[in-house]
Amino acid sequence: LEIVPDLEGVKIPLGMAYFQLERFDEALELLEGASDADLTFDVLNNLGAACIQAEAYEQGEEYLLRALELKPAYPEALRNQAMLYRKKNESDKAIPAYEGYLDLRPLDTTTRHSFALYLTKIGEWDLASEQLNRLSEEIKDDATIFQLLARVEMKRGDDKAAIAAFQRASQLSDPTHALNYMNDSEFDKLREDQDFQALMRSIEQD
């Protein structure tokens with residue numbers, strides 16, 4: 001390209017190579033000048049991802065929307081779209097993008113966990129409960145998932161579900177860790193519950 005700047009068939013693969021190396025500014029410089037014929041859904045998706053890394057969110061949104069126009073059921077573009085809207089604090093768009101991605105990739109527990117944490121951060125307790133329950137069906141031995149689920153269920157006011165999740169968390173880890181995961185005010189609602197009191201007695205006996 002230094003010798004023949006207009007050489008065809010080089011900018012796209014070189015730009016994609018820069019993208020893989022996380023040299024996003026150089027990738028964008030090459031890929032932005034690509035012709036429409038060269039802008040496949042993969043290239044557009046990678047452009048969108050590069051824009052997210054470069055914090056060029058408006059431009060990234062445009063590329064990802066174009067990628068999804070070419071291939072609506074495109075998991076990678078939906079996941080990148082979810083991340084973009086999350087960074088833009090647009091939860092009304094981030095949530096459906098996450099849901100669309102997980103419909104296509106239901107076994108991606110890493111993204112589902114990230115989505116659940118995001119939902120707790122923005123106070124979407126019902127949706128967080130749904131995602132954490134789905135996650136607990138796939139991952140049955142991670143105490144932190146059940147600790148988080150217990151907290152979410154208490155926020156939802158479902159004492160029985162909270163106790164069941166807390167009990168599972170205490171089985172998988174030191175019970176004091178499960179207790180420390182939540183603050184005192186969150187336990188105030190449960191202290192008088194007979195099932196919770198029975199659980200506390202059983203933990204003390206252990």
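**Entry 1: E153**

I began with E153 in this predicted model and located the residue in helix α9, which covers residues 143-156. I then asked whether E153 is buried or exposed. Its relative accessibility is 3%, and since buried means under 20%, E153 counts as buried. I next looked up the partners of its side chain. A polar contact of 2.7 Å links the side chain of E153 with that of S129. Leaving out residues up to four places away in sequence, I listed the residues that E153 touches as S129, N133, D158, A161 and A162.

**Entry 2: the chain as a whole**

I turned to the secondary structure and recorded 13 helices and 0 strands. Read from the N terminus, each element in the run is therefore noted as α. Of the 206 residues in the chain, 42% are buried. I noted an accessible surface of about 11,600 Å², with 46% of that area belonging to carbon and sulfur atoms. Among contacts with a separation of 6 or more, 48% join residues 24 or more positions apart.

**Entry 3: the nonpolar core**

I looked up the largest nonpolar core and found 49 residues in it. Within this core, the residues with the most contacts are L31, V43, L47, F115 and L132. Helix α3 (residues 41-53) contributes the most to the core, with 7 residues. In soluble globular proteins, nonpolar side chains tend to be buried together.

I followed L31 further and asked which residues it is in contact with, aside from neighbours within four places in sequence. The list for L31 is K11, I12, G15, M16, L39, V43 and L47.

**Entry 4: helix α6**

I checked the length of helix α6 (residues 91-104). Its 14 residues should span 20 Å at 1.5 Å a residue, and the end C-alpha atoms are 20 Å apart, so the two values agree. I listed the buried residues of α6 as A94, I95, A97, Y98, G100, Y101 and L102. What covers these buried residues? The cover includes α5 (75-87), α7 (109-121) and α8 (125-138).

**Entry 5: two positive phi values**

I examined two residues that have a positive phi although they are not glycines, beginning with E22, at about 65°. E22 sits in the loop between α1 (11-20) and α2 (24-31). Its relative accessibility is 59%, so I recorded E22 as exposed.

For N89, also not a glycine, phi is positive at about 60°. I placed N89 in the loop between α5 and α6. With 68% relative accessibility, N89 counts as exposed.

Methods
Residues numbered from 1 in each chain as written. Predicted model: local features only at pLDDT ≥ 70, side-chain atom pairs only at ≥ 80, totals over all residues. Heavy atoms only, no water. Core = buried A, V, L, I, M, F, W, Y, C linked by side-chain atoms within 4.5 Å. Buried < 20%, exposed > 50% of the residue type's maximum accessible area, 1.4 Å probe, protein only. Helix = DSSP H or I, 4+ residues; strand = E, 2+ residues; numbered from the N terminus. Contact = heavy atoms within 4.5 Å. Areas by Shrake-Rupley, 256 points an atom, 1.4 Å probe, with all protein chains shown as cover. Expected span 1.5 Å × (residues − 1). Polar contact = N/O pair within 3.5 Å; in protein donor to acceptor, adjacent residues only side chain to side chain.
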